[in-house]
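Trainee: I would like to learn how to read a structure that is new to me, one feature at a time. Could we begin with what counts as one part touching another?

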Amino acid sequence: MAVVSTQTPSSIYPSHLLEETPEFQDVIASSPPPTDDADLAAVRVGAVLWKLRSSNAWYRRRYWVDTQNMRLHYEPSHKPFWCNAKQHVDILDIKDARLGWKTDVFNLAGRLAEKKRAKDPQRPPMLREDCCFSIIHGRENKSLDLVASDPETAATWVRGFKSLMTVVHAVEKRRSDQQWLKLLFNQADKDGSGALSFDECCQLLLQLNMKIDPEAAMKLFQISNVNKRKIKDKQAIDAEEFIQFYQLLLVRPEIETLFRKYSEDDGASMSPNGLRQFLEKEQSMKDVKAEFAVGLIRRFDPSPSKEMGRMTLAGFTALMTSPMFEILDESQRDQVVQNMTHPLSHYFMASSHNTYLTGNQLTSESSIEAYISVLKNGCRCIELDLWDGPDGEPVIYHGNTLTGTVPVKDVLNDAIKPFAFKTSTYPLFLSFENHLCLEQQAVLATQIKDAIGDLLCLMDVADMKELPSPEQLRNKIIIKAKKYMSIGSHNAPSPTSNSSPAPSPTPGKEEQPAENNQSSSQPVVPLPDANSSQQEKTLQPIAKDLFDMVNICEAVKFHGFANSLKKDKCYHISSFSEGKALDLITESSEDFVRHTTRQLVRIYPAATRTTSSNFSPFPHWAVGSQVVALNYQTNSKEMRMYRGFFRQNGNCGYVLKPQYLINNTFPLPLQHDKLQKYLKVRIISGQCLPKVGENENSIVDPYVTIKILGHSADTFSFRTRVVANNGFNPYWDEAVEVFLRAPELAVICFTVKDSQTIGASRFIGSYSLPVNHISPGYRHVPLVRNGEPLSSATICIQVEMKDLND
């Protein structure tokens, strides 16, 4: 049990920690670089570190890494005599290791430390940034914020964790890898004897969600027990024998049938020519060379078979279950394959709504981790709701609600600057909802210049006839904002450092002009309302430095398609709620398409979606809307389809529109009844489907659903039968056919659920991808839950496709 320290942080540090040291960014580079082995040895030995839960809550604990079971363990230095349990974090759950103040907790504590230092310059530093590091882990991206006794220890732990993450994540991707199997073995070997009894093996099988006949399991166990070892008069197998036992369990009838079909007469092995025929006939690979087949045998088959130049069933199984034969077209996974030189208006853009929120729209926390998460997932347009903050510095939060706040400065420095181009090098848009007074607008401009000034797009738009391309804007950040704000007498309450303002009856809405009664050195300009010849609105320019940062994405009010065609520029962008956009689509879909060929349009969720639910993006994509913003923090079926759509084109966050949405060809092809694509999917089997719910002894009763969404005429769904009591290797062997009219916009989602006798089925995992980028042949679908891959869980399918307009 953790004990909160009653000492001040400065009083618990050794004296040498308070001495001047190099800047923390240079610690790793300036200190002698230990080898990876030295880093790993250090984290295995462990250290006493301080955990920060807040600036006033410090916990002294011992931390160490168990590399055998791949866990970070920690225990308090003081605990009750009755408390023997040790806490841990699985290395597999760790997402990142960061040196310095790079989390919400550290940023808050750091600001407090700097304020106290500013008041008393002679005061020793309460918190040294070069001694701080954070471990980001879990589905919710929790931060474990730690303080070491010296900079070298902090740097060593960060390097050690990055090395561990690289190794473990690489191993985890291959479920039949011996290292992964040995990890399972070590976790099951509770007494550390180096062997597992039959009962322990059965428990491990249960954890793997496999329920098999005990007699069949015993036969395989005895076959694997080559050394005939015994523990307490019971047969037991060591790690190598366990690997053999596991591989015997992995016998896949569908794979074995394929193997026999292309093997030689004895059926024991496959020649390079047999493998070549399989790749061409079953996997639709063209002109496969013999050398390529030989290379696959050497890569996937264990010795000594590969030395003979032939592939065994074990090697063929390893090939079939490798990432090479996942369902998403291999060319789309890690590389940009589309033409990126069109104007920006010709692309769909992965976009986030209220990016800062971790949950609902009324009471959830705001966090830099939310920004980091979407950027790592390829999002290219993020939202910042800007409000006056304490001490003259702007903050981000959902106005007029009880959501938490996060300083804009932290988001710029710790999320946008380091992660803007980690996943994609194509332009990142910052969508501002500006409620700041002029003074804090000027502060914001300074913060932007300091953090990302060299990355800003500062194009001259005076003579611009069409938007620049994503290729022209690589590694550039574009600010989307209004240049003018309505002058009024109302200012919404601003949050303080310790509390948020009381909520109004209606939650803060999108794209409402910020009212401002502050004086300004800039001119106040009257601009006519396009809907009225008699009324005038008085608008005030935003702060000069911020004004100059807005160029190719200036937000303007929409006054109708005809008015926009007459007055708007190509660099203007208008935002619509989902309901308003659907009304416009119903009224004039062709005008909507024409509008989106030259200008960007942003669609955002209705204000009534207080739970951060999502809407379907497909009706908006169907008319060319580029910036359809969804709540990334909500793992809804809409979000799963959305992520699936943007898996194409190397997950760069940009997808080129179909040609008919670029050329203004009317009537649109999707308005015809002509069928464009034939698709046949055979759901064959599942592998290692995890249990769901709290009952550890339960076995899932899985079934698979297929759903296709896109154009309204292409909506399709299908469901297999339920396989009882088998999550390890359920077998369905059911096929379905579908014809599509607009395959360019269609997304297919495979979902696996656990059937329940009472109540709704439980979600196990799913995977979505664009229909046009499904790979043909025998493929594996990797399942995802809550945005994270499920270790080893897949479904095996067979795909046949044909374009009907060829």
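Mentor: Contact here means heavy atoms within 4.5 Å. Please keep in mind that this is a predicted model. With that cut-off in hand we can turn to a helix and its surroundings: the buried residues of α13 are covered by elements that include α10 (253–261), α11 (272–281), α12 (290–300) and β32.

Trainee: Why is helix α13 described as largely enclosed by the rest of the structure?

Mentor: A residue is called buried when its relative accessible area is under 20%. Helix α13 spans residues 313–320, and because 6 of its 8 residues are buried, the helix is largely enclosed by the rest of the structure. The buried residues of α13 are Gly315, Phe316, Thr317, Ala318, Leu319 and Met320.

Trainee: What share of the residues in the protein chain is buried, and how many helices and strands does the chain have?

Mentor: The protein chain has 806 residues, of which 54% are buried, and its secondary structure comes to 23 helices and 33 strands. Among contacts in the chain with a separation of 6 or more, 70% are between residues 24 or more positions apart.

Trainee: How do I read burial for a single residue, and is Leu205 buried or exposed?

Mentor: One compares the relative accessible area with the cut-off of 20%. Leu205 has a relative accessible area of 5%, so it counts as buried. Leu205 belongs to helix α7 (residues 198–207), and its C-alpha atom is separated by 9.7 Å from that of Ala217, which lies 12 residues away along the chain.

Trainee: And how does Arg71 count, buried or partly exposed?

Mentor: Arg71 has a relative accessibility of 26%, and therefore counts as partly exposed. Arg71 is found in strand β3 (residues 71–76). Apart from neighbours within four places in sequence, Arg71 is in contact with Trp64, Val65, Asp66, His88, Val89, Asp90 and Ile91. One of these contacts, His88, is 17 residues from Arg71 in sequence, while the two C-alpha atoms are 6.1 Å apart in space.

Trainee: How should I read the pairing of strands?

Mentor: Strands of a sheet pair through backbone hydrogen bonds, either parallel or antiparallel. In this structure, β5 (residues 94–99) is joined to β6 (residues 132–137) by 5 bridges, and the two run antiparallel. Within that pair, Arg98 stands opposite Ser134 in β6. Strand β5 is also mostly covered, with 5 of its 6 residues buried.

Trainee: Which strand pairs with β6 over 6 bridges?

Mentor: That strand is β7, and the pairing is antiparallel. His137 stands opposite Lys142 in β7. The two strands, β6 and β7, form a hairpin with 4 residues between them, and Gly138 in the turn has a positive phi of about 80°. Strand β7 (residues 142–147) is also joined by 3 bridges to strand β1 (residues 47–54), again running antiparallel, and there Lys51 stands opposite Leu146.

Trainee: In what order do the strands of the open sheet with 3 strands lie?

Mentor: The order is β8-β10-β9, with antiparallel pairing. The edge strands, each pairing on one side only, are β8 (196–197) and β9 (230–231). Between β8 and β10 (residues 234–237) there are 2 bridges, and the bridge partner of Ser197 in β10 is Ala236.

Trainee: How do I read a nonpolar core?

Mentor: In soluble globular proteins, nonpolar side chains tend to be buried together. The largest nonpolar core here has 74 residues, of which Ile382, Leu384, Ile416, Phe432, Ile448, Ile452 and Ile477 touch the most other members. Helix α16 (residues 408–419) gives the largest share of this core, 6 residues. Leaving out residues up to four places away in sequence, the residues that Ile382 touches include Tyr371, Val374, Leu375, Ile416 and Leu428. A second, separate core of 35 residues includes Trp732, Ile764, Val771 and Val784.

Trainee: Finally, how many cavities of 30 Å³ or more does the structure hold, and what lines the second largest cavity?

Mentor: The structure holds 4 cavities of 30 Å³ or more, and the second largest has a volume of about 80 Å³. Its lining includes Asn635, Arg640, Ser766, Tyr767, Val784 and Gly787. The elements giving two or more residues to this lining are α23 (637–645), β31 (762–770) and β32 (777–785), and β31 gives the most, with 3 residues. By class, the lining of the second largest cavity has 2 nonpolar, 5 polar and 4 charged residues.

Key: Residues are numbered from 1 along each chain as its sequence is written. Side-chain values use heavy atoms; hydrogens and water are left out. On a 1 Å grid over the protein atoms alone, a cavity is a set of points where a 1.4 Å probe fits but cannot get out, and a pocket is an open set with protein on both sides within 12 Å along at least five of seven lines; lining residues have an atom within 4 Å of a point. Grid points are joined across faces, edges and corners, and a volume is the space filled by probe spheres set on the points. Ala, Val, Leu, Ile, Met, Phe, Trp, Tyr, Cys and Pro count as nonpolar, Asp, Glu, Lys and Arg as charged, and the others, Gly among them, as polar. A nonpolar core is a set of buried Ala, Val, Leu, Ile, Met, Phe, Trp, Tyr and Cys residues joined through side-chain atoms within 4.5 Å. Buried means under 20% relative accessible area, exposed over 50%, partly exposed in between (1.4 Å probe, protein chains only). Two strands pair if DSSP finds at least two bridges between them.
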